[in-house]
Amino acid sequence: MSVRRMLQEMEGEKLKQEQAERERAYAEWQAQQAAELKRLQEEAEKDKQEFLKKQAEMEAEKAKWHVDEEESAQEVARMKKEFLARNAKPSTSVGAYLKQPNKL
């Protein structure tokens, strides 16, 4: 075997080892990227669930404090009617009696 042929084989073997090392490093990088992607997806899902939970809590709080305008207007009208009816009755209190004009 000639020296040139031996050098070519050595160079070829070296290139194969370098290629194998690059492929191993690339596979390792891909595995790291996949792990990072999975972690980010899990974090995003967790954030989404927290957001949906808070949104539901806010909707529940909003519903708790929501006032139906028509119902509220009816209640105000009813209370006003009751108030006027109470105050329109002749008063039997001592203060009201004293305020009446003297009928002597």
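What percentage of the 104 residues in the chain is made up of buried residues? The figure is 0%. This is a predicted model, and every value below was computed from it. A residue counts as buried when its relative accessible area is under 20%, so a share of 0% leaves the text with two other labels to use, exposed and partly exposed.

Begin with the overall plan. The chain has three helices and zero strands. Following the sequence from start to end gives the pattern α-α-α. Two of these helices return several times below: helix H1, which covers residues 3-65, and helix H2, which covers residues 69-88. The surface that the chain exposes comes to about 10500 Å². Carbon and sulfur atoms supply 58% of that area.

Start the walk at helix H1, with a nonpolar part of the surface. Val3, Leu7 and Met10 together make a nonpolar surface patch of about 330 Å². Val3 has its place in helix H1. The relative accessibility of Val3 is 61%. Because the label "exposed" is given to values over 50%, Val3 counts as exposed.

Next come the charged side chains. Side chains of opposite charge can pair when their charged atoms come close. How many salt bridges does a search of the whole structure find? It finds six. Three of them are described here, beginning with the pair of Glu9 and Arg5. The closest N and O atoms of Glu9 and Arg5 are 3.8 Å apart. A salt bridge requires this distance to be within 4 Å, and so the pair of Glu9 and Arg5 is counted as one. Both residues lie in helix H1, four residues apart, which is about one turn of the helix. Glu9 has a relative accessible area of 39% and is partly exposed. Arg5, at 45% relative accessibility, is partly exposed too.

Further along helix H1, Glu28 and Arg24 meet through their side chains in a salt bridge, with 3.0 Å from N to O. Why are Glu28 and Arg24 separated by about one helical turn? They are separated in this way because they stand four residues apart in helix H1. Glu28 counts as partly exposed at 41% relative accessibility, and Arg24 counts as partly exposed at 42%.

Helix H2 holds the third example. Here the side chains of Arg78 and Glu82 form a salt bridge, with 2.9 Å between N and O. Arg78 and Glu82 lie in helix H2, four residues apart, or about one turn of the helix. The relative accessibility of Arg78 is 42%, which makes this residue partly exposed. Glu82 is partly exposed as well, with a relative accessible area of 38%. Salt bridges can also share partners: in this structure, such bridges join Glu21, Arg24 and Glu28 into one network. Arg24 and Glu28 are the residues already met as a pair in helix H1.

Some charged residues appear in a patch instead. Asp68, Glu69, Glu70, Glu71 and Glu75 form a negative surface patch. One of them, Glu75, has its place in helix H2. The relative accessible area of Glu75 is 39%, so Glu75 is partly exposed. Patches are made of residues with over 30% relative accessible area and no salt bridge, and the 39% of Glu75 is therefore over the cut-off for area.

The last stop is back in helix H1, with the aromatic rings. A pair of aromatic rings is described by the distance of the centres and the angle of the planes. The structure holds one aromatic pair. Tyr26 and Trp29 form this pair, with 5.8 Å from centre to centre and 25 degrees between the planes. Why is the pair called stacked? It is called stacked because planes under 30 degrees apart count as stacked, and the angle between Tyr26 and Trp29 is 25 degrees. Both residues lie in helix H1, three residues apart, about one turn of the helix. Tyr26 is partly exposed, with a relative accessible area of 48%. Trp29 is partly exposed at 44% relative accessibility.

Notes. Residues are numbered from 1 along each chain as its sequence is written. This is a predicted model: local features need pLDDT of at least 70, side-chain atom pairs count only at pLDDT 80 or more; totals for chains, interfaces and linings use all residues. Side-chain values use heavy atoms; hydrogens and water are left out. Rings of Phe, Tyr and Trp (its six-membered ring) pair if their centres lie within 6.5 Å; planes under 30 degrees apart count as stacked, over 60 as edge-to-face and the rest as tilted. Helices (H or I, at least four residues) and strands (E, at least two) are DSSP runs, numbered from the N terminus. Buried means under 20% relative accessible area, exposed over 50%, partly exposed in between (1.4 Å probe, protein chains only). Patches are made of residues with over 30% relative accessible area and no salt bridge: like charges are joined within 9 Å, nonpolar side chains (Val, Leu, Ile, Met, Phe, Trp, Tyr) within 5 Å. Accessible areas come from the Shrake-Rupley method with a 1.4 Å probe; for residues, only the protein chains shown count as cover. Lys and Arg count as positive and Asp and Glu as negative; His and the chain ends are not counted. The place of a charge is taken as NZ of Lys, CZ of Arg, CG of Asp or CD of Glu.
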